[in-house]
Amino acid sequence: MVLAIIPSCLSLSQKPSHSFGLPKKISFGEHERSVKRNCIERPQIVPSRNYAEAAGLRVFIISDLHAEYSENMTWVKDLSNTRHKKDVLLVAGDVAETYHNFVLTMSLLTDKFEYVFYVPGNHDLWCRREAEDSLDSLDKLNNLLDACKRLGVQTSPMSIDSLGIIPLFSWYHESFDKEEDITEVFIPSLEMACKDFHTCKWPDELSNRDTSLALYFDAMNEKNKDLIKEIQGECSPIITFSHFLPRQELCPEKRMLFYPNLPKIIGSDFLEVRLRSIHGTEGSASACHVFGHTHFCWDSTLDGIRYVQAPLAYPRERKRRMNGGEDWLPYCIYSDGKFADKLMPCYWSEYYSINPRTPHNTQLAPWVSRFYKRR
């Protein structure tokens with residue numbers, strides 16, 4: 001996710017670090033006292049070592065590799081060539097901007113893991129640096145999926161040792177945002193703030209400004225209906241994964257964000273309907289959905305489904321631990337027949353596990369208000 005208006009020292013939203021145990025309620029006053037020059041480091045997520053001695057299947061997750069950054073490509077190359085030879089890796093989109101870097105990154109990962117699964121993210125479909133034959137973003141998507149077939153990367157549902165893994169194609173739509181808009185400051189338009197509007201190229205009948213793209217990508221999942229039914233009948237638990245968000249509650253409220261219109265370009269209602277058709281409307285303890293895109297580490301259970309984000313993100317974000325750092329990645333979500341314990345400390349999802357969401361409150365958080373006053 002790239003937003004053009006955010007200065008390099010700031011993330012999409014910021015909160016200062018705090019002690020490992022969160023207080024019962026976190027106030028803006030507490031945040032204000034520990035904010036220094038708007039550049040904030042968050043706590044490092046504590047890596048889980050419970051999986052180290054696991055004898056059975058292990059599933060790791062990662063999103064937002066952004067391998068066009070040399071530091072991120074180095075991170076991929078430095079992953080052990082022996083430790084994960086029997087493991088599964090789910091890559092929840094945004095591998096690289098160029099076809100060359102995409103193929104290089106996925107080749108490295110398939111050499112390190114027994115199984116690699118993938119769903120496309122928005123950066124994967126950018127065309128601004130493409131000198132090859134991609135006419136538009138759909139052509140590039142087909143080229144990436146063809147490359148996955150050649151490399152042995154899985155983009156269709158599969159069962160492995162009674163665990164179901166279901167990749168879900170998706171795209172965002174503006175009407176996904178159901179919460180009240182911020183109106184007290186001038187907020188740049190989506191076209192000004194989001195590079196997708198300039199770097200993705202779509203046929204005339206598809207657009208970011210309505211639901212057509214979201215519906216198009218959701219319809220791509222229809223071809224796997226029979227496979228999904230088989231997995232539903234044979235497997236428990238089931239992990240679904242996507243790049244985009246299926247629920248707005250998986251992103252901080254607008255008043256917390258330096259770009260308050262972010263929720264308009266992050267998720268899909270059709271995705272939530274799709275995954276509920278797989279996991280059940282009430283979810284279950286064996287239901288998990290992995291996502292990416294916003295670069296916030298996240299781990300929360302909503303209406304019976306566990307939602308987890310484990311992003312590598314940009315180097316500057318890792319330095320401030322916006323994504324929880326890098327020592328915990330890739331994250332082992334499943335081993336020896338059970339899901340891993342909840343990520344700790346996972347800043348924003350922990351915040352909302354304690355503080356109620358109040359989307360009707362449009363008063364900007366102090367750090368966001370200061371940012372707009374300086375503009």
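This passage walks through a helix pair, some backbone features and the salt bridges of a predicted model.

A good place to begin is the packing of two helices. Two packed helices are described by the angle between their axes and the distance between the axes. For helix H2 (residues 70-78) and helix H3 (residues 99-112), the axes come within 9 Å and cross at roughly 25 degrees. Angles under 35 degrees count as roughly parallel, and H2 and H3 are therefore described as roughly parallel to each other. Their crossing is left-handed. On the H2 side, the contact is made by Met73, Val76 and Lys77, which meet Asn101, Leu104, Thr105, Leu108, Leu109 and Lys112 of H3. Sorted by class, this contact of H2 with H3 holds five nonpolar, two polar and two charged residues.

The backbone also has some features worth a look on the screen. Most residues other than glycine have a negative phi, and most peptide bonds are trans. Against that background, two cis peptide bonds can be pointed out. One runs from Ser236 to Pro237, with omega near 5 degrees. Pro237 sits in the loop that links helix H8 (225-234) to strand E6 (238-241). Another cis bond joins Met344 to Pro345, and here omega is about -15 degrees. Pro345 is likewise a loop residue, placed between strand E11 (338-339) and helix H11 (347-354).

Positive phi values turn up at two histidines. His66 has a phi near 45 degrees, a positive value in a residue other than glycine. This histidine, His66, belongs to the loop between strand E1 (58-62) and H2, the helix already met in the packing with H3. With a relative accessibility of 0%, His66 counts as buried. His295, also not a glycine, has a positive phi of about 70 degrees. Its loop is the one between strand E7 (287-291) and strand E8 (298-302). His295 is buried as well, because its relative accessible area is 1%, and buried means under 20%.

Turning to charged side chains, the model has a count of 21 salt bridges. One of them pairs Arg58 with Asp87, whose closest N and O atoms are 2.7 Å apart. Arg58 lies in strand E1 and Asp87 in the loop between H2 and strand E2 (88-91), so this pair ties together parts that are 29 residues apart in sequence. Both partners are buried: Arg58 has 7% relative accessibility, and Asp87 has 3%.

A further salt bridge links Glu174 to Arg209, with 3.0 Å between the closest N and O atoms. Glu174 is in the loop between strand E5 (163-167) and helix H5 (190-193), while Arg209 is in the loop between helix H6 (196-199) and helix H7 (212-219), so the bridge ties together parts 35 residues apart in sequence. Here the partners are partly exposed, with Glu174 at 24% relative accessibility and Arg209 at 39%.

Glu253 and Arg255 form another salt bridge, in which the closest N and O atoms are 3.4 Å apart. Glu253 counts as buried at 1% relative accessibility, and Arg255 is buried with a relative accessible area of 6%. Finally, Arg247, Glu249, Glu272, Arg276 and Asp303 are joined into one network by salt bridges that share partners.

Methods
Residues are numbered from 1 along each chain as its sequence is written. This is a predicted model: local features need pLDDT of at least 70, side-chain atom pairs count only at pLDDT 80 or more; totals for chains, interfaces and linings use all residues. Side-chain values use heavy atoms; hydrogens and water are left out. Axes are lines fitted to C-alpha atoms, for helices over the stretch in contact, and angles run from 0 to 180 degrees between N-to-C directions. Helices (H or I, at least four residues) and strands (E, at least two) are DSSP runs, numbered from the N terminus. Angles under 35 degrees count as roughly parallel, over 145 as roughly antiparallel, 65 to 115 as roughly perpendicular and the rest as oblique. A crossing is left-handed if the near helix is turned anticlockwise from the far one by less than a right angle, and right-handed if clockwise. Contact means heavy atoms within 4.5 Å. Ala, Val, Leu, Ile, Met, Phe, Trp, Tyr, Cys and Pro count as nonpolar, Asp, Glu, Lys and Arg as charged, and the others, Gly among them, as polar. Buried means under 20% relative accessible area, exposed over 50%, partly exposed in between (1.4 Å probe, protein chains only). A salt bridge is a side-chain nitrogen of Lys or Arg within 4 Å of a carboxyl oxygen of Asp or Glu.
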